[in-house]
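Me: Please give a close account of the largest cavity in the structure shown below. I am new to this structure, and I would be grateful if the answer then set that part within the rest of the chain.

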Amino acid sequence: MKKFPSNFIFSTSTCSYQIEGGRLLGGRKHSNWDKFTIENYYIPPEGVAAREIASIDVAADYYNRYKQDAKIMKKIGVNGFTYNMDWARIFPNNEDEVNEEGIKFYEKAFKALYKKGIKLIPILYHWDSPLWLEEKGGTSSRAFLEAFRKFARVIFTRLGKYTDIFYVNDENSTYTVSAYLDDYNPPRKKDEKEFWKAVYYLSISGAIAKQEFELAKKQGYVSQKALLGIDHDWCPPLPYDAKNKDDIKACEIFNEYNLNLYLDPNILGTFPKCFHDAIKKFKLNDMVLEEDLKILKENTLDLIGWNYYRPAIIANPKRLKKKIKWQVEPQTFITKEAYIVFPKTERYTSWNWLIKPEYLSVGAKILWEKYQRPLMIIENGIGYFDVRENGIVNDTYRIDYLNEHLQQVQIAIDQGIPFIGYSLWTYCDIFSPSGGYRKKYGLVGVDFENKTLSRFPKSSMFWYNDVINNLTTFDQDKLEYDKYKNLALESYQKDKIWRK
């Protein structure tokens, strides 16, 4: 296996409302996620497979522990950290009043990483709006656009010197479906018309951010070589029956609603057919302004971030008329012409997520050929019920999962696809919207159970360090699990970084 380029970005990712805490500190006020977790707080009984919606008031306490976390990241060896800034910390009251204490927190946190050779890779929007903006209509209103422009301007001018890579939005698809077609996440609109409005305004916000980005370059706040991208969580579709024309057609429909709808606007500068059909159906023509479309066309983005966890096995709904043994669910609530199915013969995580790493390289080729933009994996990881013994977690399952997927990035690079980096989800254990604090994703553990929030190592942390030092992954049958376990044990016993 060839080595990664010497300038390849090895990063970790996380999200402010899932890790940061300090929700009412430093002048910050509530966001839609504060409201949601307070109003829907629920801790299921031990052993009950139900959704945990826990408090995010403290989370993993990154707000107070960012210096310790910077030291730990340095030990891992990463040269990148992907993170979204909390809009409600920077603009707690309205769209015009910058909270200096809030922006200075990010300046301090970014500087701590910058001094250790870790590039900050900021994402502007990751599902959390200040409550004052949500009360104006949030992402499904035009009020979002002007507020977002001012937010982006502050980020670029105040934090632009710390990096040369930014992303606008994270997972517009999961966000809009779960928050506007369903009531799973805030703002819980469950309204198809509001869904299409949110898709539209989020797309336009990407172009508006690009305008502000180019202005910040001219003013010297951002490097001339800096890139601005969009992060998407597309699942490459594969037909349940590769020879069945109906299943193949269902995959095409899936891509129309899951790929084209979310990337075409900000990469190609145009909306796909399904969008125009919906605008006509819901009589939203007045929402679409010529000025918006001009901005969209003239301000396409430079880079595609990709959250790859799994592909989607797609079946045509005709199959539902027959007796079937696999679980099915609608592709989204937008169209009933494609269904995701879960054959029992496949591999799954403990949270029933499909494991097919080979579709990372397959999907990368599709993205490159369609959009001709450099790629970066922004999220890839495995949620698990980790068990801690002797102070550490020996997570061989996470090593296997990550190593298999990172190998596919190498395969894509060998095929000529321009991957600039890989950022695994996540740096440390955090609050999960679907699993609370029980669902562990981190390379680094956080003691939520005893409420100390102290950090501790996992074996996977030392596997990642090995990959970074050698610029390559390892054959699955040659992974040195005992070596990584022993390094974790030794580090936990001796290294001061685990003691705040």
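Reply:

**The largest cavity and its setting**

The largest cavity has a volume of about 60 Å³. The model is a predicted one, and the values that follow are computed from it. When the whole structure is searched, one cavity of 30 Å³ or more is found.

The lining of this cavity is drawn from several stretches of the sequence. It comprises Tyr 309, then Thr 349, Trp 351 and Trp 353, then Gly 381, Ile 382 and Gly 383, and finally Tyr 401, Lys 439 and Tyr 441. By class, six of these residues are nonpolar, three are polar and one is charged. The charged residue is Lys 439, because Asp, Glu, Lys and Arg are the types counted as charged. Gly 381 and Gly 383 fall among the polar residues, since Gly is counted in that class.

An open space may be set beside this enclosed one. The second largest pocket holds about 200 Å³ of space. It is lined by 14 residues, and those closest to its centre are Asp 386, Val 387, Arg 388, Lys 440 and Glu 449. Its lining divides into eight charged, five nonpolar and one polar residue.

The strands of the chain come next. Strand β11 covers residues 375-379, and five of its five residues are buried. This strand has two parallel partners described here. With strand β7 (residues 303-307) it pairs over four bridges in the parallel sense, and Ile 304 has Leu 375 of β11 as its bridge partner. With strand β12 (residues 419-425) it is joined by three bridges, and these two strands also run parallel. In that pairing, Met 376 is matched with Gly 421 of β12.

Strand β12 leads to an unusual peptide bond. The bond from Trp 425 to Thr 426 is cis, and its omega is near 10 degrees. Thr 426 belongs to the loop between β12 and β13, the latter spanning residues 444-446. Beyond β13, Leu 453 lies in the loop that runs to β14 (455-457). Leu 453 is not a glycine, yet its phi is positive, at about 60 degrees. Its relative accessibility is 11%, so Leu 453 counts as buried.

A second pairing, between strand β8 (residues 312-315) and strand β10, is antiparallel and rests on two bridges. Here Ala 315 is bridged to Tyr 339 of β10. In a regular strand, side chains alternate between the two faces of the sheet. Strand β10, residues 339-342, is covered on both faces: Tyr 339 and Val 341 are buried on one side, and Ile 340 and Phe 342 are buried on the other.

Further backbone features occur earlier in the sequence. Glu 171 sits in the loop between β4 (165-170) and α8, and its phi is near 50 degrees, a positive value in a residue other than glycine. Glu 171 counts as buried, because its relative accessibility is 8% and the limit for burial is 20%. In the loop between α8 (172-181) and α9 (192-218) lies Pro 187. A cis peptide bond, with omega of about 15 degrees, joins Pro 186 to Pro 187.

Two helical residues complete the local picture. Leu 268 is part of helix α10 (residues 245-268) and is partly exposed, at a relative accessible area of 35%. Neighbours within four places in sequence aside, Leu 268 contacts Leu 263, Lys 297, Thr 300 and Tyr 371. Its C-alpha atom is 8.8 Å from that of Leu 296, which lies 28 residues away along the chain. Ser 491, in helix α16 (residues 481-494), is by contrast buried, with 4% relative accessibility. With neighbours within four places again left aside, Ser 491 is in contact with Lys 75, Phe 462 and Trp 498.

The chain as a whole gives the wider frame. It contains 16 helices and 14 strands, and buried residues make up 62% of its 500 residues. Among contacts with a separation of 6 or more, 76% are between residues 24 or more positions apart. The C-alpha atoms fill a box of roughly 65 × 60 × 50 Å along the principal axes. The radius of gyration is 22 Å, which agrees with the value near 23 Å for a compact globule with 500 residues.

Methods
Residues numbered from 1 in each chain as written. Predicted model: local features only at pLDDT ≥ 70, side-chain atom pairs only at ≥ 80, totals over all residues. Heavy atoms only, no water. 1 Å grid on protein atoms, 1.4 Å probe; cavity = no way out; pocket = protein on both sides within 12 Å on 5 of 7 lines; lining within 4 Å. Points joined across faces, edges and corners; volume = space filled by probe spheres on them. Buried < 20%, exposed > 50% of the residue type's maximum accessible area, 1.4 Å probe, protein only. Pairing = 2+ DSSP bridges. Contact = heavy atoms within 4.5 Å. Rg over C-alpha atoms; globule rule 2.2 N^0.38 Å.
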